[in-house]
Amino acid sequence: MSKHLEVLKTYKLYIGGNFVRSESGRYLAAKSPGGVHLDNYCHASRKDLRDAVVAARGAFDGWAKRTAYLRGQILYRAAEMLQHRTEELAAEIARSSGVRLPKARAGVNTAIDRLVYYAGWTDKYSQIFGTVNPVASPHFNFTTPEPTGVVAIVAPDEPPLVALVSLIAPVILSGNSAVVIASEKHPLTALTFAEILATSDLPGGVVNILAGKRAELAPHIASHMDINAIVDASGSAELGATLKGGAAKNLKRYSASKLSATDWFTAKAEDPYKILDTIEFKTAWHPIGV
């Protein structure tokens, strides 16, 4: 009996709601902690990053104009879709990161809870963080939070799913769009999660997920003039210096997340003040009686 030839899957990048190969044609091998060749995944280039930013910018206006209630419902729908594929994601996490299946399954459940948690903030953060300001004139004076624009997110290596969800949700709930650089060590989980986003109600381009070498993409993230903010959870001082250097030149907002691998499973990763990292405040005056 002849042996069946194993065909490894090539995980694609997620840009503009579509799964695409890298324009360079490059790919990398994803390996287990034991060195087993699991599958292949596309290696994002500078051009792929630029394409992702264009897609994010194109999606931003429509997403920001959606009602807060609707954005919350869409995030909740993503949680539903993730729940339907719990076993698949748990198996992906287990084989690529080496954790036992029960722990991987618990991680997926935490990610589901995290999406539901932040879905509840979409129609509340404005009231919590906005203000009505006392002024010495016959005017109403309001300060309201608004989305910043296109946000680049650099995900940590561990944990591959919970951290990813915990970073994306507070960014997009306010109306931002995102370009995400997946875990360099365990990228397959993020690329599988992209399949869940693609089958949810999230408009294409709101979240774009790239995989590859962070050090290769970081200078282009830092210098890109149409990226408005960076959320850096890489934990790398060298990478952070590169990102901050570019942000200082073109006035991007830069925030670093310094949570440990275990912290992502705790209330520290549910801090609603992380929403403030990627919003701007607008103050409006309105005459009383008009």
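Two strands count as paired when DSSP finds at least two bridges between them. Keep that in mind as you look at this structure, which is a predicted model. We'll start with how some of the strands line up, then move on to the salt bridges, of which the structure holds 20.

**Strands side by side**

- Strand β7 covers residues 139–147, and β7 pairs with β13 in the antiparallel sense, over 9 bridges.
- Want one rung of that ladder to find on screen? Phenylalanine 142 has alanine 284, in β13, as its bridge partner.
- Strand β6 is just residues 131–132, and β6 also pairs with β7 in the antiparallel sense, this time over 2 bridges.
- Here you can look for threonine 131, which sits opposite threonine 143 in β7.
- How many residues lie between β6 and β7 in their hairpin? There are 6 of them.
- A handy rule when you turn the view: in a regular strand, side chains alternate between the two faces of the sheet.

**A salt bridge between two strands**

- Arginine 253 and glutamate 280 form a salt bridge, with their closest N and O atoms 3.7 Å apart.
- This pair ties together distant parts of the chain: arginine 253 belongs to strand β12 (residues 253–256) and glutamate 280 to strand β13 (residues 279–287), with the two residues 27 apart.
- Buried or exposed, or something in between: where does arginine 253 fall? Its relative accessible area is 28%, so arginine 253 counts as partly exposed, given that this class runs between the 20% and 50% cut-offs.
- Glutamate 280 has a relative accessible area of 36%, so glutamate 280 is partly exposed too.

**More salt bridges to find**

- Glutamate 88 and arginine 85 join their side chains in a salt bridge, at 2.7 Å from N to O.
- Glutamate 88 has a relative accessible area of 41%, which means glutamate 88 is partly exposed.
- Lysine 274 and aspartate 277 meet through their side chains as well, in a salt bridge of 2.9 Å, N to O.
- On the lysine side of that pair, lysine 274 is partly exposed, at 30% relative accessible area.
- Its partner, aspartate 277, has a relative accessibility of 21%, so aspartate 277 still counts as partly exposed, as buried would need a value under 20%.

**A network**

- Which residues do salt bridges with shared partners join into one network? They are Lys9, Arg85, Glu88 and Glu195.

How values were computed: Residues are numbered from 1 along each chain as its sequence is written. This is a predicted model: local features need pLDDT of at least 70, side-chain atom pairs count only at pLDDT 80 or more; totals for chains, interfaces and linings use all residues. Side-chain values use heavy atoms; hydrogens and water are left out. A salt bridge is a side-chain nitrogen of Lys or Arg within 4 Å of a carboxyl oxygen of Asp or Glu. Buried means under 20% relative accessible area, exposed over 50%, partly exposed in between (1.4 Å probe, protein chains only). Helices (H or I, at least four residues) and strands (E, at least two) are DSSP runs, numbered from the N terminus.
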